[in-house]
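Here are my notes from a pass through this one. Have the viewer open and follow along point by point.

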Amino acid sequence: MQTPRYAFFEGRIVPFAEARISVMTHGFMYGTACFEGIRGYWDERAGALAFFRLRDHYARLHRSCRILRLGLRYPVEELCELTAELARKNGDRADVYLRPIVYKSALQIGPHLNGVADDFTMLMLPFGKYIEAGGGIRCRTVSWRRPSDGMIPARAKVNGLYVNSALAKTEALEDGYDEAIMLTADGAVAEGSTENLFLVSDGTLVTPPVSDSILVGITRDTVLTLARRELGLPVVERRVDRTELYVADECFFCGTGAEISPIVEIDRRPVGPGKVGPVTRRVQALYLDVVHGRHPGYADWRYPVGIP
Ligand SMILES: Cc1ncc(COP(=O)(O)O)c(C=O)c1O
């Protein structure tokens, strides 16, 4: 993987090699950090990188920080401006992935959060597809459960929580699947290792509720909004049983990295006829039009930064 040229670190833009933390950093030792994953889509005609729902991602970062008692001194608008500055400095005229992180920066033993210093860093690098999902992917329900709100809140994008995603994804990959589906502690469908999940049943889009141990995904919200406004599809947020996946007409993952990734097999059962379904195709095409600025609406979801 390519490494970034510059990073934002300790209050300024520095060459990437200089953005280093101590092994004694609280956030490294205890996973006490929160982050975002954001895509910037290169628009050749405009000569600009358009960051998708940048303000919404930074608003979620602020919410994560409130849960984890992290101080983030930059308001949303300033974070957007810092992002633009870093993008111009890096100068990548290609799709990029942006990773802002707020972390407990004190060199300190003991996992408590109160009274511990924090800092903000951010990097971005050219980035293509996260999942090769052309013909649809194969998934399995893994043995690892999603921690519930009283364990590690999934609503906060906490670095330490990604141990759970790592265990889940590894189990799926080593068993020959492309991605994991995780259940809640009491057995309802939650989400993928880095994606939210939708199923299509009798023309209705169904997705697990925010109270079922999921990250409240921005792509999930994008899909819900586009399905209602543009596609006229009924959408329902409700508890989903595991076996509903086995009898669904269609299934797909959505996320910043995964975009819209159709699922064609779950636990050795074909989803519907085992091919990418028509609703998924419509959602996917519309999503890609919106993020790439080919759709006449939703300009306010794109934050363009001209790259000289
Ligand atoms: C666990 C988890 N669920 C869902 C998502 C999708 O969220 P978003 O659409 O905001 O990228 C992600 C993506 O980062 C994730 O890590």
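1. A bit of vocabulary before anything else: a residue is called buried when its relative accessible area is under 20%, exposed when that area is over 50%, and partly exposed in between. Gly176 is a handy example, because its relative accessibility of 43% falls between those two cut-offs and so counts as partly exposed. Please also keep in mind that this is a predicted model.

2. While we're on Gly176: look for this glycine in the loop that runs between α4 and β9 (179-183). If you want a distance to check, try Gly176 to Arg140, where the C-alpha atoms are 9.3 Å apart with the two positions 36 residues apart along the chain.

3. On to the ligand. Where does the ligand sit? You'll find the ligand in the largest pocket. There are 15 residues around the ligand, and the ones that come nearest are Lys157, Tyr162, Glu191, Thr219 and Thr256. By residue class, the shell around the ligand splits into seven polar, five charged and three nonpolar residues.

4. Which side chains put polar atoms up against the ligand? Tyr162 is one of them, with a side-chain N or O atom 2.5 Å from a ligand oxygen. Glu191 has a polar side-chain atom 2.6 Å from a nitrogen atom of the ligand. For Arg60, a polar side-chain atom is 2.8 Å from a ligand oxygen. As for cover, the ligand taken alone exposes 380 Å², and the protein buries 96% of that.

5. Next, backbone angles. Most residues other than glycine have a negative phi, so a positive value deserves a second look. Arg53 has one, with phi near 50°. This arginine is in the loop between β5 (48-52) and α2 (54-68). Is Arg53 buried or exposed? Arg53 counts as buried, because its relative accessibility is 8% and the cut-off is under 20%.

6. Asp202 also has a positive phi, near 50°, and is not a glycine either. The aspartate is in the loop between β11 (196-201) and β12 (204-207). Asp202 is exposed, because its relative accessible area is 72% and the cut-off is over 50%. When you go through the Ramachandran plot, take Arg53, which is buried, alongside Asp202, which is exposed.

7. Now a few positions inside regular elements. Leu61 belongs to helix α2 and counts as buried, because its relative accessibility is 0%. From Leu61 to Val236 the C-alpha separation is 26 Å, and the two are 175 residues apart along the chain.

8. Asn164 is part of helix α4, which covers residues 162-174. Asn164 counts as buried, because its relative accessibility is 10%. Its C-alpha is 36 Å from that of Arg294, and the pair is 130 residues apart in sequence.

9. Last one: Phe35. What accessibility does Phe35 have? The value is 5%, so Phe35 counts as buried. This phenylalanine lies in strand β3, residues 33-35. Between Phe35 and His57 there are 9.5 Å in space, C-alpha to C-alpha, for a separation of 22 residues in sequence.

Note on methods:
Residues are numbered from 1 along each chain as its sequence is written. This is a predicted model: local features need pLDDT of at least 70, side-chain atom pairs count only at pLDDT 80 or more; totals for chains, interfaces and linings use all residues. Side-chain values use heavy atoms; hydrogens and water are left out. A residue is near a molecule or strand if one of its heavy atoms lies within 4 Å of it. A polar contact is a pair of N or O atoms within 3.5 Å; within protein, one must be able to donate a hydrogen and the other to accept it, and residues adjacent in sequence count only if both atoms are side-chain atoms. Accessible areas come from the Shrake-Rupley method with a 1.4 Å probe; for residues, only the protein chains shown count as cover. On a 1 Å grid over the protein atoms alone, a cavity is a set of points where a 1.4 Å probe fits but cannot get out, and a pocket is an open set with protein on both sides within 12 Å along at least five of seven lines; lining residues have an atom within 4 Å of a point. A molecule sits in a cavity or pocket if more than half of its atoms lie within 2 Å of its grid points. Ala, Val, Leu, Ile, Met, Phe, Trp, Tyr, Cys and Pro count as nonpolar, Asp, Glu, Lys and Arg as charged, and the others, Gly among them, as polar. Helices (H or I, at least four residues) and strands (E, at least two) are DSSP runs, numbered from the N terminus. Buried means under 20% relative accessible area, exposed over 50%, partly exposed in between (1.4 Å probe, protein chains only).
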